[in-house]
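Here are a few short exercises to work through with the model open beside you. Try each task before you read its solution.

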Amino acid sequence: MVSDGGVALAVGSAWAMGAGATALLWPRHVALPLSAHVALSGLLGPLFIGALLLASGAGSRPPAFTRVAVTTAAAACVLAGTLARRASPGSMTSRPAAIAAALVLGASICFTTWVTTRTHLGYDGTVVWYQKARIIADAGGAMPSAYLADATRAWSAPDYPLHVPLALAWVRLWQDREDERAVKVVPAGWLAAMLCLTFAAITERRGGGSRARALALAGVVTLATAPRLLVGEGSVTSGYADGPYAGVLACAVWLAWRSTWGADHRWHALLAVLLGALVFTKQEGVAATAVVLLVCAVRGGVRHIGFGVPALALAAGWSLWTIQHDAAVVMAYAWPGVRAVLLRVPVILGAYAAEVLTVQVWGVLWPALACAAAACPARGSGPAWTMVAGVIASGMAAFTCSAWPDLASHLAVTVPRQLIQVAPVAVILALSGNHARSDD
Amino acid sequence: MPPPCYHPRTFVIHATLRARHHLVTLCVVAVLAGQWHLLGQVLRTLPSVDESRSPSSDVLMQSLPLRHSSDVFDALARDLPHAGGIVVAHGTAAALTSAYMVAAMRLWPRPVAFVACRPAPALAVRPVGPVAWRIDLAPGASSPLTARASTTRDAGVLCANTPGGE
């Protein structure tokens with residue numbers, strides 16, 4: 001058995017931190033539904049607790065001090081969030097409907113958590129992300145520069161961002177005895193948050209009501225039972241970064257839409273944190289952030305995209321810091337020449353088409369989403385779909401410069417994970433159709 | 001109450017909206033039905049509950065095979081010097097790279113180099129600094145993982161000395 005009490009405290013403090021931070025960041029005069037609060041707690045909690053862990057580790061304190069200090073900070077954040085939202089409007093939902101929805105949502109979360117306990121961290125989940133987590137926990141929360149400069153560990157991508165390793169390290173720090181099984185609570189939490197987010201976003205975009213809740217629950221069950229999301233390398237239940245990335249991306253697109261593409265400045269603080277989470281989770285988060293900002297700039301004007309500056313500064317700062325500490329940069333991309341790029345385009349398009357039509361792992365999810373989105377397009381959802389298309393296009397463009405000896409292998413490994421990253425936001429957008437909110 | 005008086009155009013619009021609603025419902029039902037069918041197959045492939053504290057590492061070591069790898073490497077880490085070392089794979093790099101990576105991960109903070117002996121001895125990851133030990137990975141051997149003191153960095157010499165030799 002694992003040290004259950006310590007792991008439960010680690011996860012509980014992370015989610016509590018997220019709950020407090022969400023209460024502080026969510027616009028004061030906008031109702032915060034419980035499902036959205038839970039979703040953002042799960043998505044932002046590990047991020048904030050990781051940032052605190054990193055700050056605490058920089059002071060070279062003993063692990064016991066770090067645990068107490070970070071947990072106290074989480075408690076303080078909950079208190080501040082509770083005080084801040086005392087006078088805020090509540091979320092009105094009729095009780096029987098709320099209970100029925102909670103039951104379905106809870107059953108979906110129980111099922112995905114059970115699957116998570118039965119799967120492994122996976123290849124990158126173990127030797128890239130979990131390795132960093134062990135090293136950070138061993139150093140009491142700091143990322144040792146000796147690791148970045150260790151040329152024999154260049155294969156573990158030392159320059160990758162630290163959101164996932166820090167979240168895993170926080171759990172590792174609470175274990176008396178190392179146990180890989182215990183850290184699976186972290187991806188299980190991210191998946192639970194993603195399901196709550198799907199429910200919250202679809203219900204809100206459709207303006208509430210029984211049909212909205214029914215379709216939101218259908219979206220939840222769709223994601224909770226999609227084989228590609230549940231099992232295999234890069235799946236949301238593994239230790240890969242694609243799960244939290246998918247959740248944060250879906251949340252960023254939803255709230256960018258809700259903020260009328262950045263024009264409503266009350267959402268800027270939350271959007272800034274979400275974009276920061278994107279770039280601190282995966283390197284391609286920079287491309288996704290650029291896409292979100294570009295669409296908001298076109299729709300709302302350049303003066304409304306200041307919320308993207310912290311994320312871009314974070315990405316630049318992290319890159320400079322790793323370069324300064326001699327981290328090996330193992331780029332999987334290089335310019336192959338114009339002719340090679342053109343020759344690769346049909347191969348890449350074919351790989352994406354083949355993946356979305358792979359019935360054994362996706363069922364009919366992608367064709368059905370396309371059909372639903374075309375039948376009932378959500379009013380004002382065009383820019384959100386443009387963001388999704390932009391994220392996919394940036395991934396496709398990167399493949400034209402693949403430095404792998406065999407492009408087909410690179411595509412086979414990476415294309416499924418890129419589609420996992422956009423699956424939740426695609427489900428949310430496809431099922432948000434027809435009943436747009438009056439403020440759109 | 002008089003019957004509702006639909007203008008033909010209004011009727012067409014309403015009928016279209018209803019059809020589109022039904023189409024979305026149909027799409028959702030098709031997705032869930034398809035996934036329900038697939039899920040049964042997927043769940044059958046899930047591994048059983050593992051007693052090992054390191055099931056993910058064990059999967060990456062399965063070419064040896066090695067179970068409870070965390071216990072094995074915890075014991076090794078206590079005995080090995082803190083200087084760097086080399087993992088020697090008596091097989092191809094493709095088959096044993098993941099096992100090497102797990103070894104390197106668990107032996108932090110030591111720098112860990114990697115030599116693959118087949119098809120020809122080659123340094124896959126070059127050593128950094130002094131070398132004080134070697135770990136041999138030998139699939140199929142009675143002891144698939146052995147560690148000993150060694151200062152050699154020559155790939156040919158490392159591969160020629162199989163476990164039990166030198």
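**Exercise 1.** Is Arg134(A) buried or exposed, and with which residue does Arg134(A) form a salt bridge?

*Solution.* Start with accessibility: Arg134(A) has a relative accessible area of 15%, so it is buried (under 20%; exposed is over 50%, partly exposed in between, with a 1.4 Å probe and protein chains only). Next, look for its partner: a salt bridge needs a side-chain nitrogen of Lys or Arg within 4 Å of a carboxyl oxygen of Asp or Glu. Glu178(A) fits, the closest N and O atoms being 2.8 Å apart. Then place the two: Arg134(A) sits in helix 5 (residues 123–138) of chain A and Glu178(A) in the loop between helix 7 (163–173) and helix 8, so the pair ties together parts 44 residues apart in sequence. Helices here are DSSP runs of H or I with at least four residues, and strands are runs of E with at least two, numbered from the N terminus. Finally, Glu178(A) is buried too, at 9%.

Two notes on the model: it is predicted, so local features need pLDDT of at least 70 and side-chain atom pairs pLDDT 80 or more, while totals for chains, interfaces and linings use all residues. Residues are numbered from 1 along each chain as written, chains are lettered from A and ligands numbered from 1 in written order, and side-chain values use heavy atoms, without hydrogens and water.

**Exercise 2.** Which residue of chain A meets Arg106(B) in a salt bridge?

*Solution.* The partner is Glu180(A), at 2.5 Å from N to O. Arg106(B) belongs to helix 4 (residues 93–106) of chain B and Glu180(A) to the loop between helix 7 and helix 8 of chain A, so this pair joins two chains. Check burial: Arg106(B) has 5% relative accessible area, and Glu180(A) has 1%. Now put the pieces together: Arg134(A), Glu178(A), Glu180(A) and Arg106(B) are linked in a network of salt bridges.

**Exercise 3.** Where do Asp242(A) and Arg417(A) lie?

*Solution.* These two form a salt bridge with closest N and O atoms 3.0 Å apart. Asp242(A) is in helix 11 and Arg417(A) in helix 19 (residues 407–430) of chain A, 175 residues apart. Both are buried. To finish, set this pair in context: the structure holds 18 salt bridges over all chains.

**Exercise 4.** Is Ile135(B) buried or exposed?

*Solution.* First find Ile135(B) in strand 4 (residues 131–137) of chain B. Its relative accessibility is 0%, so Ile135(B) counts as buried.
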